[in-house]
Amino acid sequence: MGNTTAVIYASKLGKTRKVGNYIAKSISADMFDLKKQTMINMSAYNHIIFGTGIHAGKPYKSLVTFLEANKAELAKKKTSLFICCMYNDEKGQAQCERVSSELGIAEAVFFDGKSEKNEEGFEIAIDDFIAKLRA
Ligand SMILES: Cc1cc2nc3c(=O)[nH]c(=O)nc-3n(C[C@H](O)[C@H](O)[C@H](O)COP(=O)(O)O)c2cc1C
């Protein structure tokens with residue numbers, strides 16, 4: 001049986017790509033970079049994890065466009081969102097809730113790039129997210 005989870009991400013400066021690769025590797029998910037590919041066959045996946053950076057309070061356009069174009073199909077799947085950003089604490093949380101609601105992905109987490117890191121340089125919060133995905 002193939003992977004049933006995919007990680008689809010939009011990254012401008014590379015952070016979301018690195019985090020997306022780390023998550024995908026950790027759970028053996030397939031991954032897709034919206035910079036390289038915007039037509040993605042999602043039929044094999046029942047869970048799609050989306051990732052994006054934030055510029056001026058907004059998720060990246062390529063992700064917004066992808067979600068809009070695939071609304072009907074995505075409505076039938078489990079979706080999650082991870083956000084790579086610089087705001088932390090309450091500001092990061094408020095931004096995450098707003099973006100999650102704008103994108104229509106209820107399950108959302110954010111990684112602020114400043115919190116405590118593991119040996120590989122990834123935030124502990126990312127490992128916590130992965131642990132939940134595995135559970
Ligand atoms: C021009 C610019 C604007 C940004 N605006 C925000 C913002 O509004 N909120 C935030 O939390 N982070 C903001 N950031 C930080 C980025 O979201 C963060 O560096 C993220 O990891 C970038 O992801 P990427 O490397 O995958 O593109 C901004 C960064 C840049 C360069």
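Q: Which backbone atom lies 2.6 Å from an oxygen atom of the ligand?

A: A polar contact is read from a pair of N or O atoms within 3.5 Å. In this predicted model, a polar backbone atom of Ile54 lies 2.6 Å from an oxygen atom of the ligand.

Q: What other backbone atoms lie this way toward a ligand oxygen?

A: Two further cases can be looked up in the viewer. A backbone N or O atom of Gly14 is 3.1 Å from an oxygen atom of the ligand. For Cys84, a polar backbone atom is 3.4 Å from a ligand oxygen. As for cover, the protein hides 77% of the 650 Å² of accessible area that the ligand has on its own.

Q: Where does the ligand sit, and how many residues surround it?

A: Start with the pocket, then go through the shell. The ligand sits in the largest pocket, and 17 residues surround it. The closest are Ser11, Leu13, Thr16, Ile54 and Tyr60.

Q: Which element gives the most to that shell?

A: Strand β3 does, with three residues. Both α1 and β3, which spans 47-55, supply at least two residues each.

Q: Now for charges. How many salt bridges does the structure hold?

A: The thing to look for is a side-chain nitrogen of Lys or Arg within 4 Å of a carboxyl oxygen of Asp or Glu. The structure holds four such pairs. One of them joins Lys15 to Glu123, with the closest N and O atoms 3.0 Å apart.

Q: Why does the pair of Lys15 and Glu123 tie together parts that are apart in sequence?

A: It helps to place each partner in its element. Lys15 belongs to helix α1 (residues 15-27), while Glu123 is in the loop between β6 (107-111) and α5 (124-134), so the pair ties together parts 108 residues apart in sequence.

Q: Are Lys15 and Glu123 buried or exposed?

A: Relative accessible area gives the reading: under 20% is buried, over 50% is exposed, and partly exposed is in between. Glu123 has a relative accessible area of 1%, so Glu123 is buried. Lys15, with 34%, is partly exposed.

Q: Which lysine pairs with Glu107, and where do the two lie?

A: Glu107 forms a salt bridge with Lys78, and their closest N and O atoms are 3.2 Å apart. This pair links distant parts of the chain, with Glu107 in strand β6 and Lys78 in strand β5 (residues 78-84), 29 residues apart. Glu107 is partly exposed at 36% relative accessibility, and Lys78 is partly exposed at 44%.

Q: What does Glu68 pair with?

A: Glu68 forms a salt bridge with Lys71, the closest N and O atoms being 3.8 Å apart. Both Glu68 and Lys71 are exposed. Glu68 is found in helix α2 (residues 61-69), and its relative accessible area is 51%.

Q: How far is Glu68 from Leu103 in space?

A: Here you compare the gap along the chain with the gap between C-alpha atoms. Glu68 and Leu103 are 35 residues apart along the chain, and their C-alpha atoms are separated by 8.8 Å. Ser62, also placed in helix α2, can be read in this way too: its C-alpha atom is 7.6 Å from that of Lys35, 27 residues away along the chain. Ser62 is partly exposed, with a relative accessible area of 30%.

Q: Where does Ile40 lie, and is Ile40 buried or exposed?

A: Ile40 lies in the loop between β2 and β3. With a relative accessible area of 9%, Ile40 is buried. From Ile40 to Asn70 there are 30 residues in sequence and 9.5 Å in space, C-alpha to C-alpha.

Q: Last topic, the backbone angles. Which residues other than glycine have a positive phi?

A: As a general idea, most residues other than glycine have a negative phi. Ser28 is one case with a positive value, near 55 degrees. Ser28 is in the loop between α1 and β2 (30-33) and is partly exposed, with a relative accessible area of 48%. Ala56 has a positive phi of about 50 degrees, although Ala56 is not a glycine. The place of Ala56 is in the loop between β3 and β4 (58-59), and at 81% relative accessibility Ala56 counts as exposed.

Note on methods. Residues are numbered from 1 along each chain as its sequence is written. This is a predicted model: local features need pLDDT of at least 70, side-chain atom pairs count only at pLDDT 80 or more; totals for chains, interfaces and linings use all residues. Side-chain values use heavy atoms; hydrogens and water are left out. Helices (H or I, at least four residues) and strands (E, at least two) are DSSP runs, numbered from the N terminus. Buried means under 20% relative accessible area, exposed over 50%, partly exposed in between (1.4 Å probe, protein chains only). A residue is near a molecule or strand if one of its heavy atoms lies within 4 Å of it. A polar contact is a pair of N or O atoms within 3.5 Å; within protein, one must be able to donate a hydrogen and the other to accept it, and residues adjacent in sequence count only if both atoms are side-chain atoms. Accessible areas come from the Shrake-Rupley method with a 1.4 Å probe; for residues, only the protein chains shown count as cover. On a 1 Å grid over the protein atoms alone, a cavity is a set of points where a 1.4 Å probe fits but cannot get out, and a pocket is an open set with protein on both sides within 12 Å along at least five of seven lines; lining residues have an atom within 4 Å of a point. A molecule sits in a cavity or pocket if more than half of its atoms lie within 2 Å of its grid points.
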